[in-house]
Structures are given as structure tokens and as C-alpha cells.
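Me: Please take a close look at one part of this model for me: the site around the ligand. I work at the bench, so keep it brisk.

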Amino acid sequence: MNKLEADQKLQLVLAEFRNYQQGILPAGPGARSLTEFFASIDADPNTDATAAPKIQRNDRDILNLLSKRANVLHLGPANYCWFTDPSRALCLKLAGTPAAERPMIGMCDSARCPQATHHRHHRPVWAEHAERTKTFLGHLGKTRTTERARLQVDYDRAARVITSIDTATGTSAPEEQA
Ligand code: SF4
């Protein structure tokens with residue numbers, strides 16, 4: 001990874017950390033892990049005096065921790081991939097190459113992979129996909145049952161991802177119905 005790419009990823013992770021601090025959370029199977037990571041480095045000193053003291057970190061410490069996380073970030077078109085553990089990568093399992101050193105973004109199934117997160121700016125990609133799938137469904141003849149079932153699964157998955165993004169980010173959006 002060159003310096004420009006590393007800087008860009010660090011800025012993305014920093015932006016998500018700031019979002020976390022404002023209550024705008026990640027969604028997706030990897031959301032809990034990322035949120036726990038952010039919580040572990042959050043050094044907000046505005047704590048209740050009676051609470052256990054938090055470790056207070058300066059900006060440089062925080063940036064160092066965030067840049068370590070940025071080193072494992074891969075950018076998918078509709079998700080972030082936090083490639084911390086190849087053995088947990090769904091794409092590598094599906095490809096039969098569990099020890100590979102890089103994720104296979106082209107085979108990403110981010111709705112099911114424990115290393116994937118979805119963020120607010122991914123929502124338009126999912127919304128467009130849901131809309132397109134809905135249009136295809138509307139044009140399918142009733143006899144195309146196999147194709148219809150496949151598209152419905154695809155649509156339902158996109159709708160679930162959109163709902164989870166809206167919930168995590170506190171966005172209220174109209175329901176998309178098939
Ligand atoms: S399935 Fe997607 S999120 Fe999971 S490791 Fe592969 S590319 Fe990353």
C-alpha cells in the first residue's frame with residue numbers, strides 16, 4: 001500500500017471514528033467488532049467522576065491506533081472490508097483459498113461476512129440495487145419461478161442492509177417494498 005492510499009484509508013477510518021463519537025454507527029456483520037474497537041480507543045474525558053477512570057489518549061495515540069486499523073481496510077463498492085483474519089473471510093472460504101493474503105473483493109458477500117461493515121455513504125449503492133432488482137421482479141413473467149425466487153432473495157438482502165444502515169446511522173427513510 002503506498003502512502004497516498006494509506007493516508008486516504010486513515011482519513012476514512014478517522015471519519016468513521018468521528019461518526020461513532022456522534023452516534024452514527026456502522027452496520028453489517030462486522031459492525032459490533034468495529035464499534036468495540038472505536039469504544040476501546042475513545043478517550044472522551046467527559047466522564048462521570050464516579051465512573052472508573054478511562055485511559056486518556058492524545059490525538060497522536062488515537063491516530064496511531066486508527067492507522068493500524070486502516071492498514072487492514074479494503075474498499076468494496078458497497079462496503080468496507082476489515083481484513084483482520086483470513087480464516088474468517090467469507091470470500092476466501094467460498095473461493096477455497098482460506099490462507100490468501102488479500103480478500104477477493106469481486107466475490108464479496110458483505111451481508112454475510114463477519115469482516116464487513118456498511119456505512120451511511122454505502123446506502124445509495126444498496127438502494128439503487130434494491131430498486132433495480134424490484135424493477136426486474138416486476139418485469140418477470142409468473143412462470144419464471146426460479147429466477148423470481150433468486151431475485152426476491154437478492155431484493156430482501158438489499159432491503160435488510162438498507163434498514164440496518166438506517167438504524168445504525170439514525171437515518172429515517174421510507175420503506176422500500178417489493
Ligand atoms: S467477503 Fe467481503 S468483507 Fe468478507 S473478507 Fe471477503 S471481501 Fe472482505
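**The ligand site and its surroundings**

Reply: Start with one cross-strand pair: histidine 74 stands opposite cysteine 81, a residue of β2. Keep in mind that the model is predicted.

That pair belongs to a small stretch of pairing. β1 and β2, which covers residues 80-82, run antiparallel to each other and share 3 bridges. The whole sheet is open and has 3 strands, in the order β1-β2-β3, with antiparallel pairing. β1 (73-75) and β3 (116-117) are the edge strands; each has a single partner, so one side of each has no neighbour in the sheet. As background, strands of a sheet pair through backbone hydrogen bonds.

Now the ligand. It sits in the largest cavity. Cysteine 81 is one of the residues around the ligand. Asn79 is in the shell as well, and so are Ala89, Cys91, Pro103, Ile105, Cys108 and Asp109. Cys113, Gln115 and Ala116 complete the list. By class, the shell has 8 nonpolar residues, 2 polar and 1 charged.

Cysteines recur in that list: Cys81, Cys91, Cys108 and Cys113. Are they tied to one another by disulfides? A search of the whole structure finds 0 disulfides. For reference, a disulfide is a covalent bond between the sulfur atoms of two cysteines.

Two of these cysteines are worth a closer look. Cysteine 91 lies in helix α4. Its relative accessibility is 7%, so cysteine 91 counts as buried, the cut-off being under 20%. Cysteine 108 has a relative accessible area of 32% and is partly exposed. That value falls between the 20% limit for buried and the 50% limit for exposed.

Cysteine 91 also has a shell partner from further along the chain. Isoleucine 105 is 14 residues away in sequence, and the C-alpha to C-alpha distance is 7.5 Å. Both residues are in the shell around the ligand.

Last, a residue of the loop. Arginine 112 is found between α4 (90-95) and β3. With a relative accessible area of 54%, arginine 112 is exposed; the cut-off for that is over 50%. Its C-alpha lies 6.4 Å from that of proline 29, although the two are 83 residues apart in sequence.

How values were computed
Residues are numbered from 1 along each chain as its sequence is written. This is a predicted model: local features need pLDDT of at least 70, side-chain atom pairs count only at pLDDT 80 or more; totals for chains, interfaces and linings use all residues. Side-chain values use heavy atoms; hydrogens and water are left out. Two strands pair if DSSP finds at least two bridges between them. Helices (H or I, at least four residues) and strands (E, at least two) are DSSP runs, numbered from the N terminus. A residue is near a molecule or strand if one of its heavy atoms lies within 4 Å of it. On a 1 Å grid over the protein atoms alone, a cavity is a set of points where a 1.4 Å probe fits but cannot get out, and a pocket is an open set with protein on both sides within 12 Å along at least five of seven lines; lining residues have an atom within 4 Å of a point. A molecule sits in a cavity or pocket if more than half of its atoms lie within 2 Å of its grid points. Ala, Val, Leu, Ile, Met, Phe, Trp, Tyr, Cys and Pro count as nonpolar, Asp, Glu, Lys and Arg as charged, and the others, Gly among them, as polar. A disulfide is a pair of cysteine sulfur atoms within 2.5 Å. Buried means under 20% relative accessible area, exposed over 50%, partly exposed in between (1.4 Å probe, protein chains only).
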